[in-house]
Amino acid sequence: MHYDTDAPAPPGAGPFSSRSGTRHLLGLEGLPRETLLAILDDAERDLARLSTDRSPTDELRLLTVVIAMFEDSTRTRVSFQIAAKRLGATVSTFSSHGLSLSKGETLRDTLRIFEANGADVIVVRHASPGAAAYLAEQIDSAVVNAGDGMHEHPTQGLLDILTLRQVWGGRFDGRRIAIVGDVAHSRVARSAIFGLATLGVTVTLAGPATLMPAEVERLGCALARSVDEAMEGADAVMALRIQRERMEAGLLPSLSEYTRVWGVDAARVRRMKPDAVVLHPGPVNRGVELAPDVADGERSVILDQVANGVAVRCAVLRRCAGYPLAEGPGTSSPGRRAGGLTRGAA
Ligand code: CP
């Protein structure tokens, strides 16, 4: 099954809105700069509060959040669960295993079952590019894309950008990041590229030609011939996971060859600026795309990325619930059924 992401968007559709006015988050491509920064600001407020007070709030107590993972996940699933519970929502989590999809039910009908059970927000991960956008057109619940095949993973992109904002002291202009490895299969890279470009960050891509997207120039990034060239003088590097599960045979001669030519190791890290950092969206193939001493080293912000996940997802859930972030979630009265979503405004 493939959902066509190149199809024209329906009237009123956008990365954070829909025809019906429900607030979806489908991708970072086209997300306005002010919206992106408002989400980051809201996440920062959560981080500040969580540093002194870890008790749950009741901000979304009237909402039901369904987390539907049709592909494996650790970080995204756990952090959405914690975020929704922290905001007081009712939360239900599913994976494809154990659902009636195995009996022939369609994905659309499955999500309509969630909706009929009162789901206000559905967080969905699926192997098909465009699946979240397709579902957003089929149901009234707000849809959050938690990764759709090789297309986008917007909440990962947001937490990556939040991590960079922290280490860069809030300044994006004049910064450059190298994104290295399996760009072709990486929804994380695409979301990061779109979001970082919106904020004025220069992105340099490096990786084997077989692992670059067919129309890579359309992403608007600089292209380096080697990982050394990409990382030279950079402010950060993001190593990408080799996605063996999405690869056809023959894209790489061997993993050891890949590591030698494209792996991020300590010598290559020293090519960057002295305060440059190392990101990886996880899960890490240690010793393949990233050397273990770098993954655990002082330049690594991999666990900071993970730690920012809950706060970013709190901010996204609030926005999907229709709360105006700038005013704070307590100031808006939900407008749909028992505790639902404010409609008609994106
Ligand atoms: N980065 C990321 O999406 O991780 P998971 O697959 O563990 O959710």
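**Helix packing and ligand surroundings**

In this predicted model, helix α5, spanning residues 154-167, packs against helix α6, residues 187-198, at an angle of about 55°, and their axes lie 8 Å apart. An angle of this kind is neither under 35 degrees nor in the range 65 to 115, and α5 and α6 are therefore oblique to each other. Their crossing is right-handed. On the α5 side, the contact is made by Pro-154, Gln-156, Gly-157, Asp-160, Ile-161 and Leu-164; α6 contributes Val-188, Ser-191, Ala-192, Gly-195 and Leu-196. Sorted by class, the residues in this contact of α5 with α6 comprise 6 nonpolar, 4 polar and 1 charged.

Helix α5 also packs against helix α1 (residues 33-50), here at an angle of about 70° and with the axes 10 Å apart. Because angles of 65 to 115 degrees count as roughly perpendicular, α1 is placed in that class relative to α5. From α1, the contact draws on Leu-36, Leu-37, Ile-39, Leu-40, Asp-41, Ala-43, Glu-44 and Leu-47, which meet Leu-158, Ile-161, Leu-162, Arg-165 and Gln-166 of α5. The contact of α1 with α5 holds 9 nonpolar, 1 polar and 3 charged residues. It is worth pausing at Ile-161, a residue of α5 that takes part in the contact with α6 and also in the contact with α1.

A further helix pair is formed by α2 (residues 75-86) and α11 (residues 302-320), whose axes come within 8 Å and cross at roughly 55°. Helices α2 and α11 are therefore oblique to each other, and α2 passes α11 in a right-handed crossing. Arg-75, Thr-76, Ser-79, Phe-80, Ile-82, Ala-83, Ala-84 and Arg-86 make the contact from α2, while α11 supplies Val-306, Gly-309, Val-310, Arg-313, Cys-314 and Leu-317. By class, 8 nonpolar, 3 polar and 3 charged residues make up the contact of α2 with α11.

Turning to the ligand, its surroundings consist of Ser-73, Thr-74, Arg-75, Thr-76, Arg-125, His-153, Gln-156, Pro-281 and Gly-282. Several of these names will be familiar from the helix contacts: Arg-75 and Thr-76 belong to the α2 side of the contact with α11, and Gln-156 to the α5 side of the contact with α6. An oxygen atom of the ligand lies 2.7 Å from an N or O atom in the side chain of Thr-76. For Gln-156, an N or O atom of the side chain is 3.0 Å from a nitrogen atom of the ligand. At Pro-281 a polar backbone atom is involved, 2.9 Å from a nitrogen atom of the ligand.

Gly-282, one of the residues around the ligand, is joined to Pro-283 by a cis peptide bond, with omega near -10°. Pro-283 sits in the loop between β9 (277-279) and α10 (292-295).

Note on methods. Residues numbered from 1 in each chain as written. Predicted model: local features only at pLDDT ≥ 70, side-chain atom pairs only at ≥ 80, totals over all residues. Heavy atoms only, no water. Axes fitted to C-alpha atoms, helices over the stretch in contact; angles between N-to-C directions. Helix = DSSP H or I, 4+ residues; strand = E, 2+ residues; numbered from the N terminus. Parallel < 35°, antiparallel > 145°, perpendicular 65-115°, else oblique. Left-handed = near helix turned anticlockwise from the far one by under 90°. Contact = heavy atoms within 4.5 Å. Nonpolar A, V, L, I, M, F, W, Y, C, P; charged D, E, K, R; others polar. Near = heavy atom within 4 Å. Polar contact = N/O pair within 3.5 Å; in protein donor to acceptor, adjacent residues only side chain to side chain.
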